[in-house]
Amino acid sequence: MKKWLLIAAVALVGTGCSSTEPVMTTYMLPMSITANTAHNVSNKSLLIVRPVEVAAHLAGTGLVYQTSPTEIVEAQQNLWGEALGKQLTRRITQDLRQKQTKFWPTQLTPTLSTAGVPRLQIRINQFNGVYTGVAEVAGEWLLINGNGDLQTVHPFTFRVPLAKDGYPAQVEALSKGVDELTTQLAQSIK
């Protein structure tokens, strides 16, 4: 009896040591690399960049991957380090500061008076990897003038090829898609 208990104990210990815990990885969208130059804000009009809205299937903590024309999965071990909408709002604001000179883009804050200030609203419907080997960034942006009138609505879709398989490559490709979006925005709001 003692022999069997000893064998069972050794087997349990061996089983516990051989299993590995899944590795959880968190990701942040890389910020654009820009020169540290002083900006003269006094001669620029403010542009409020409203918080980016993301579709419900993108609002979780995991990166999203489309596995077929009709199926998507949210990663359980590959997570965003911060809410996707917050990362996108910060990244878009920073990119627009560097890519155009007419406006000084700033995020909406409670202390900022927005009366008479134009606003930019961005909605993201797709921000995921796709089984075809691309990352897709799609949605629409709206420019609203200082009187609250809609100036333009512009749908967008960017497909960026993944350099290789895996979530790190997906994040890099999504970042390039954001770069294409902010280039389009900067050219349109000049």
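A nonpolar core is taken here as a set of buried Ala, Val, Leu, Ile, Met, Phe, Trp, Tyr and Cys residues that are joined through side-chain atoms within 4.5 Å. In the predicted model described here, the largest nonpolar core has 35 residues, and those with the most contacts inside it are Trp80, Leu88, Ile92, Ile122 and Phe127. Two or more residues are given to this core by each of the elements β2 (45-49), β4 (62-66), α2, β7 (119-130), β8 (134-144), β9 (150-161) and α3 (167-188). The contribution of α3, at seven residues, is the most that any element makes to this core. In soluble globular proteins, nonpolar side chains tend to be buried together.

The chain that surrounds this core is built from three helices and nine strands, which follow one another from the N terminus in the order α-β-β-β-β-β-α-β-β-β-β-α. Of its 190 residues, 38% count as buried, and the accessible surface of the chain comes to about 11000 Å², with 56% of that area belonging to carbon and sulfur atoms. When contacts between residues at least 6 apart in sequence are considered, 67% of them join residues at least 24 apart.

Trp80, one of the residues with the most contacts inside the core, illustrates such packing in detail. Leaving out residues up to four places away in sequence, Trp80 touches Tyr27, Met28 and Leu29, then Gly60, Thr61, Gly62 and Leu63, and further along the chain Gln87, Phe127, Val171 and Leu174. Phe127 in this list is itself among the residues with the most contacts inside the core.

Helix α2 comprises the 16 residues 84-99, for which a rise of 1.5 Å a residue predicts a span of 22 Å; the end C-alpha atoms are 22 Å apart, so the expected and modelled spans agree. Buried positions in α2 are Leu84, Gly85, Gln87, Leu88, Thr89, Arg91, Ile92, Thr93, Asp95 and Leu96. An α-helix has 3.6 residues a turn, so residues three or four places apart point the same way. Leu88 and Ile92 are also among the residues with the most contacts inside the nonpolar core.

The buried set of α2 includes an acidic residue, Asp95, which lies in that helix and counts as buried because its relative accessibility is 1%, under the 20% limit. Beyond its neighbours within four places in sequence, Asp95 is in contact with Ser32, Val178, Asp179 and Thr182. Gln100 is placed in the loop between α2 and β6 (103-107), and with a relative accessible area of 3% it is likewise buried. The side chain of Gln100 reaches two backbone nitrogens, that of Lys102 at 3.1 Å and that of Phe103 at 2.9 Å. Apart from residues up to four places away in sequence, Gln100 touches Pro105, Ala186 and Ile189. The C-alpha atoms of Gln100 and Leu185 are separated by 9.0 Å, although these residues are 85 residues apart along the chain.

Six salt bridges are present in the structure. One of them is formed by Glu53 and Arg123, whose closest N and O atoms are 3.0 Å apart; because Glu53 lies in strand β3 (residues 53-54) and Arg123 in strand β7, this pair ties together parts that are 70 residues apart in sequence. The side chain of Arg123 also meets that of Glu140 in a salt bridge, at 2.8 Å from N to O, and this second pair links Glu140 in strand β8 with Arg123 in strand β7, distant parts of the chain that are 17 residues apart. Glu53, Arg123 and Glu140 are thereby linked in a network of salt bridges. Each member of the network is partly exposed, with relative accessibility of 37% for Glu53, 30% for Arg123 and 24% for Glu140.

A further salt bridge joins Glu82 to Arg90, with the closest N and O atoms 2.4 Å apart. Glu82 is partly exposed at a relative accessible area of 23%, and Arg90 is partly exposed at 31%.

Terms used
Residues numbered from 1 in each chain as written. Predicted model: local features only at pLDDT ≥ 70, side-chain atom pairs only at ≥ 80, totals over all residues. Heavy atoms only, no water. Helix = DSSP H or I, 4+ residues; strand = E, 2+ residues; numbered from the N terminus. Buried < 20%, exposed > 50% of the residue type's maximum accessible area, 1.4 Å probe, protein only. Contact = heavy atoms within 4.5 Å. Areas by Shrake-Rupley, 256 points an atom, 1.4 Å probe, with all protein chains shown as cover. Expected span 1.5 Å × (residues − 1). Salt bridge = Lys/Arg side-chain N within 4 Å of Asp/Glu carboxyl O. Polar contact = N/O pair within 3.5 Å; in protein donor to acceptor, adjacent residues only side chain to side chain.
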